[in-house]
Amino acid sequence: MSEQGEGIGRVDGYTLFVKDALIGDRIEGKVVKAKKTYGYGKLLRILEPSPFRVEPLCPAASPCGGCQLQAMSYGRQLSFKEDKVRNHLIRIGGFDEAALPMEPIVGMDMDPEGNRGFRYRNKGQFPFGRGKEGQIIYGFYAGRTHSIIEIKECFLGSQVSSRILETVRVFMEEYKIPPYDEVRHEGLVRHVLIRTGYHTGEVMVCLVINGRCLPHSQILADRLMAVSGMTSVSLNVNRRKTNVILGDEIILLAGAPCITDTIGSLTYRIAPQSFYQVNPQQTEKLYKKALEFAGLTGGETVWDLYCGIGTISLFLAGEASQVYGVEIVPAAVKNARENASINHITNVEFFEGRAEEILPDWYRAHPEERADVILVDPPRKGCDEALLATMVQMEPGRIVYVSCDSATLARDLKVLCSAGYRLERVQPVDMFPMTVHVETVVMLSHKKPDSVINVKVEFGEGEGKVPLDNIAKRAEAYKPKERVTYKMIKGYIEAKYGFKVHTAYIAEVKRDLGLPMYDAPNAVEELKQPRKHPTAEKVEAIKDALKHFEVI
Ligand code: SAH
């Protein structure tokens with residue numbers, strides 16, 4: 001199966017990617033798109049079911065884009081995720097398979113109904129739109145599209161969501177409130193965000209609207225406040241033509257601006273815009289691992305980068321001397337400071353801004369201060385290169401890396417492990433059952449010399465002395481290689497082969513070779529035209545250039 005969860009099968013040596021086909025299935029399918037070396041198929045009939053196949057609970061499991069693995073037994077999902085992490089570490093990180101310090105994935109416990117991996121999410125963001133007859137619908141986007149599939153109940157989320165969503169839908173029909181139409185950029189209600197406190201039962205609803213005012217909003221607020229546990233009802237203003245769900249401004253309609261939840265003995269206040277882990281049962285296990293990997297004994301200075309509302313910072317503060325947190329979202333930083341205060345924790349300090357700017361600035365201003373442990377928990381795109389460089393310079397004894405994308409994790413570990421760190425432990429945690437996503441927490445330690453000898457050297461000319469120009473020559477040989485850019489590759493190919501190659505072709509060859517890729521700031525969500533593929537001749541020329549520049 002591919003990383004996106006499609007089945008990969010062969011017919012007479014030709015490779016096909018088939019959505020909904022599982023590892024171990026024998027299927028009859030229809031080819032819907034055929035390329036030279038591979039194609040895409042549609043599942044028509046299962047001839048022999050895979051031993052790992054189970055009946056999905058959700059009737060919309062296949063069309064909905066959310067649960068790519070619901071038809072796979074939970075145990076097999078876990079090994080799928082272990083394989084994914086392992087493959088990334090080997091292929092992208094360049095780690096040796098035999099020496100990989102990987103521990104078995106931490107899966108979810110059985111629920112009271114005997115299921116594993118359902119009803120775990122404490123948050124849902126449901127798009128609103130119109131159905132075929134013009135009626136108001138809500139649900140989820142169908143896989144890789146922006147068309148809404150009507151789903152009344154999501155089996156990953158909490159049951160209270162259904163009642164809230166129905167309340168909003170009925171209100172909208174009654175008062176003729178139009179849902180947002182993203183093509184025309186008109187209408188009002190875009191998404192409804194619902195979040196529940198797992199341990200407190202507190203519920204938050206936030207309507208994301210394309211405007212600053214929702215007509216009859218007090219009537220809706222009153223109806224929602226009647227839902228058991230309802231603590232916060234608000235509007236979020238997002239008038240931009242964008243795929244980003246939340247805007248910046250919050251208008252409170254009823255209740256409190258935040259809900260609270262607890263993890264272990266700590267209480268956390270959470271605003272609608274703040275990040276908060278979506279699987280509370282697994283979060284506690286994840287944080288315990290992060291704490292264990294940090295190996296604190298009480299006197300350490302710790303950095304928690306990408307700290308959100310300070311969840312991990314406060315978890316670590318009890319065992320450290322000082323914790324510094326860095327987070328980019330202002331509302332989350334505000335929550336982090338409140339959370340320190342409501343938990344009576346005084347040895348933490350939070351900075352608002354980009355981790356890749358705050359940490360280098362801080363280090364420049366305090367070069368003599370040490371950091372014992374640096375923990376990072378970045379979004380999927382991973383850590384910025386400038387941040388990794390500063391971390392290496394600061395030489396913390398340990399680095400703990402919490403990651404929700406093992407491909408960028410592997411890329412970043414490669415950088416850290418070629419700059420004095422050793423990969424000590426790798427712990428995947430299943431935070432997102434039924435989906436192809438996997439969380440991983442990793443511990444790196446700074447390589448210390450086994451012993452030290454003192455050598456006395458005299459520089460200069462003459463017997464027993466080391467001439468300085470020899471040192472300069474040797475230093476030259478150790479100079480880091482110039483970074484190879486796409487422009488250099490293109491130039492080389494044009495000079496040697498006389499043809500031009502497109503950047504996308506170079507990217508495709510790099511991707512096929514499993515080389516690390518960087519986020520393109522101008523990447524588009526959907527291509528206007530289907531992607532073309534390079535000819536064999538061009539592929540060879542690109543590989544030649546990559547060899548020439550010692551990328552491979
Ligand atoms: N450790 C936290 C949050 C992890 S999610 C927890 O477990 O709850 C990643 C967080 O990084 C988000 O809160 C996001 O707002 C923040 N973030 C994204 N880019 C950032 C950057 N460049 N610098 C600092 N924080 C960033």
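Biologist: Which residue places a backbone N or O atom 3.2 Å from a nitrogen atom of the ligand?

Modeller: This is a predicted model: local features need pLDDT of at least 70, side-chain atom pairs count only at pLDDT 80 or more, and totals for chains, interfaces and linings use all residues. Residues are numbered from 1 along each chain as its sequence is written, and side-chain values use heavy atoms, without hydrogens and water. A polar contact with the ligand is a pair of N or O atoms within 3.5 Å. The residue at 3.2 Å is Tyr306.

Biologist: How far is a polar side-chain atom of Glu327 from an oxygen atom of the ligand?

Modeller: Ile328 uses a backbone N or O atom, 3.3 Å from a ligand nitrogen. Glu327 uses its side chain, and the distance to a ligand oxygen is 2.7 Å.

Biologist: What share of the ligand's exposed area does the protein bury?

Modeller: Accessible area comes from the Shrake-Rupley method with a 1.4 Å probe. Alone, the ligand exposes 570 Å². The share buried by the protein is 89%.

Biologist: Which elements give two or more residues to the shell around the ligand?

Modeller: Helices are DSSP runs (H or I, at least four residues), numbered from the N terminus. The two or more residues come from α5 (311–317) and α7 (355–365).

Biologist: Are α11 and α12 roughly parallel or roughly perpendicular?

Modeller: Axes are lines fitted to C-alpha atoms over the stretch in contact, with angles from 0 to 180 degrees between N-to-C directions. Helix α11 (residues 486–497) and helix α12 (residues 503–512) pack at about 105°, their axes 10 Å apart. Angles under 35 degrees count as roughly parallel, over 145 as roughly antiparallel, 65 to 115 as roughly perpendicular and the rest as oblique. The two helices are therefore roughly perpendicular.

Notes: A polar contact is a pair of N or O atoms within 3.5 Å; within protein, one must be able to donate a hydrogen and the other to accept it, and residues adjacent in sequence count only if both atoms are side-chain atoms.
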